[in-house]
Amino acid sequence: MEFQSLDEYYDYLEKDTNFQYLDLNTYKYITALRDKTEDDNTKKLCSYELFFADFSIENGLHVPKFQIGDNAYPSLELFDDNFEYIKTRANKAQNQKYKAKYNHLLWLSPQKHIEFAKNAIESYLLLLQNSSFSVDDNLQCYSFGKYYKNLFVLSQKVNYKKDEIISYFVSLLESEKLNDFTKYSLMEFVVENGKNIDASVKQTFFDYSKNRISNLTDRELESYLNLLVLLSQKLNISTSEFHEKLGDYHISQLENEKNKGFIAHHYYTNALEEYKKANIKEKNEQTAVLLEQAKKTIDLKKVSFELKDEKINEALNQWWDFTKKKIDYVIENGNDKEIYQYLILEQLFPKADVLKEEIRPIMLDLVSTMTFDINKNISKSKTGGINPYYIHINNFSINHIGLVASKGFKSGKFSFESLINYFKNDSWYGQDFTYLDTNNETQGFNWIELLTPALQSFFVQTEIDLKTNSHNPQGYILALDNLVLKFEGLLREFSRMIGAQTIEIKDNGTEERIGFDKLLDNEKLKVLIPEDDIAFFKYLFTSNGMNLRNNVAHCFFTTKNYSSAVMLLLIVALLRLGNYKLETKTNES
């Protein structure tokens with residue numbers, strides 16, 4: 001369609017009966033008119049209409065068509081005539097769809113005035129009341145919901161026709177004007193975004209939803225049950241019935257699934273959460289058993305890929321060649337102490353702020369993703385993206401540390417004896433933390449004695465692996481299990497010595513040890529330990545990464561999870577935590 005003048009375009013808008021919220025053609029028509037006209041004023045007015053056509057208002061707020069950083073299109077600044085043109089169009093337009101939008105735009109602009117909001121409300125309301133479409137037309141129902149949400153937010157904001165607008169929607173619940181999903185969506189929106197919504201309205205929504213749940217499809221049923229939970233909370237009614245029904249719904253979804261691996265885990269986990277909230281102990285226990293059994297059917301395969309970018313590969317090779325030369329120099333020219341200091345001071349790990357980053361490729365937006373931990377539990381805190389900290393540790397840090405260890409071991413400078421001596425003489429682990437109690441008996445810790453068995457076991461197994469040119473995971477079980485738990489003890493000892501909190505009093509008056517995460521977040525600890533080292537400790541021992549503390553303590557590690565690489569990461573963690581001298585106080589009897 002081509003227009004020869006703006007008047008033809010205005011006439012087109014007045015006759016437009018298309019109820020759809022998104023009009024994908026208008027901007028094309030006005031762009032064509034702007035580009036072919038030679039009159040500068042007409043071009044400018046066409047540009048204003050183009051901005052207006054591209055301007056989107058959702059839930060009462062401006063949503064840019066494009067957003068790149070802080071730059072958005074269209075923006076209010078594009079209307080550089082003090083909105084005089086839009087004011088004129090708001091007065092002249094008779095089509096309620098456009099009249100509502102012109103006025104709503106003015107309300108959102110620096111020219112904001114309550115009359116613009118009231119005019120928009122009147123037009124939105126007339127538009128919805130006069131609309132007519134099939135209840136099976138999902139696009140039209142969707143558009144109705146979009147218009148109504150704008151109308152509702154605006155009426156709540158300026159306190160104009162609030163009750164009338166809510167009453168209008170309530171009157172539609174028992175009608176055939178809207179489909180079930182649109183009704184659910186608007187009920188939820190009204191309850192969550194309304195100010196001082198009368199309890200009778202919430203009760204009406206509750207009664208309607210409860211009566212509908214026996215006749216809904218699966219997708220709609222879940223939505224309505226969640227809505228009933230929300231409404232029950234608002235009305236101070238028990239939510240147990242609907243949490244139980246949600247649990248039953250998730251279990252029922254498995255009946256039509258042939259491959260029950262990932263899908264079963266998903267539904268059992270959701271059902272378990274609902275039964276817990278409903279306090280249905282029998283179903284809770286049954287589902288927990290089924291969930292544990294379902295984990296056996298989950299096959300978490302690793303997928304490898306090869307970098308084929310020559311520039312990236314060349315850069316990586318240059319980095320690796322430089323790193324090997326640096327390590328050779330340290331091993332050949334340094335003593336054992338200098339090697340351990342290299343592992344303490346060298347930038348082996350990513351910066352702290354990388355720990356919580358997730359790179360989520362665009363392709364993942366097209367699929368549903370689930371993130372599992374080592375025990376095949378779904379992680380609610382992760383989106384399924386790629387963690388650059390993990391990539392750096394596995395592709396750079398471990399190789400870097402491993403090369404230092406292997407070259408140092410072969411040279412005789414990286415050994416059990418030299419490491420124990422370093423801890424004795426150059427870390428706070430070697431300080432005397434023991435004391436005599438009132439019975440003249442020795443109390444407290446000798447950390448060197450406690451660390452010795454794990455380190456000795458590690459070096460014995462390392463020597464065997466080097467001599468046999470093999471890697472035996474079983475040989476690292478004792479060392480790794482022991483050292484993980486000892487590290488927690490060392491962290492608590494360190495915290496006590498610097499006056500950081502290690503226990504807290506619960507509401508019932510009992511004492512409880514502060515968890516690993518809280519210990520590492522203590523401000524007194526952060527003053528002494530570099531933030532990059534704290535991030536590394538979190539990666540090793542908490543759910544931010546390998547979660548060694550939890551996986552070892554609860555036996556989630558299988559034999560294949562144990563390795564010399566993990567042990568070397570632990571040793572570097574020990575070196576970095578021990579790189580201090582602490583002032584000890586003598587306990588008097």
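**Exercise 1. Assess the confidence of the model along the chain.**

Solution. The protein averages a pLDDT (the predictor's confidence in each residue, from 0 to 100) of 85, and 87% of the residues score at least 70. This is a predicted model, in which local features need pLDDT of at least 70 and side-chain atom pairs count only at pLDDT 80 or more, while totals for chains, interfaces and linings use all residues. Residues are numbered from 1 along each chain as its sequence is written, and side-chain values use heavy atoms, with hydrogens and water left out.

Next, consider the elements, that is, helices (H or I, at least four residues) and strands (E, at least two), which are DSSP runs numbered from the N terminus. Helix 6 (residues 114-129) has the highest mean pLDDT, 97, and strand 5 (residues 433-436) the lowest, 73. Finally, residues 359-370 have pLDDT below 50; beyond near neighbours in sequence, this stretch has 18 contacts in the model, where contact means heavy atoms within 4.5 Å.

**Exercise 2. Determine how helix 1 and helix 2 are arranged and which residues make their contact.**

Solution. Begin with the axes, which are lines fitted to C-alpha atoms, for helices over the stretch in contact, with angles running from 0 to 180 degrees between N-to-C directions. Those of helix 1 (residues 6-15) and helix 2 (residues 26-36) come within 11 Å and cross at roughly 170°. Helix 1 is therefore roughly antiparallel to helix 2, a class that takes angles over 145 degrees, whereas those under 35 count as roughly parallel, 65 to 115 as roughly perpendicular and the rest as oblique.

Then list the participants: Leu6, Tyr9, Tyr12 and Leu13 of helix 1 meet Thr26, Tyr29, Ile30 and Leu33 of helix 2. The residues of this contact comprise seven nonpolar, one polar and no charged. Here Ala, Val, Leu, Ile, Met, Phe, Trp, Tyr, Cys and Pro count as nonpolar, Asp, Glu, Lys and Arg as charged, and the others, Gly among them, as polar.

**Exercise 3. Describe the surroundings of Ser232 and Asn579.**

Solution. Ser232 lies in helix 11 (residues 218-234). Its relative accessibility is 0%, so Ser232 counts as buried (under 20% relative accessible area; exposed is over 50%, partly exposed in between, with a 1.4 Å probe and protein chains only). Leaving aside neighbours within four places in sequence, Ser232 contacts Phe206, Ile237, Ser238, Thr239 and Phe242.

Asn579 is placed in the segment after helix 25 (564-577). With a relative accessible area of 35%, Asn579 is partly exposed. Not counting residues up to four places away in sequence, Asn579 touches Ile344 and Tyr422.
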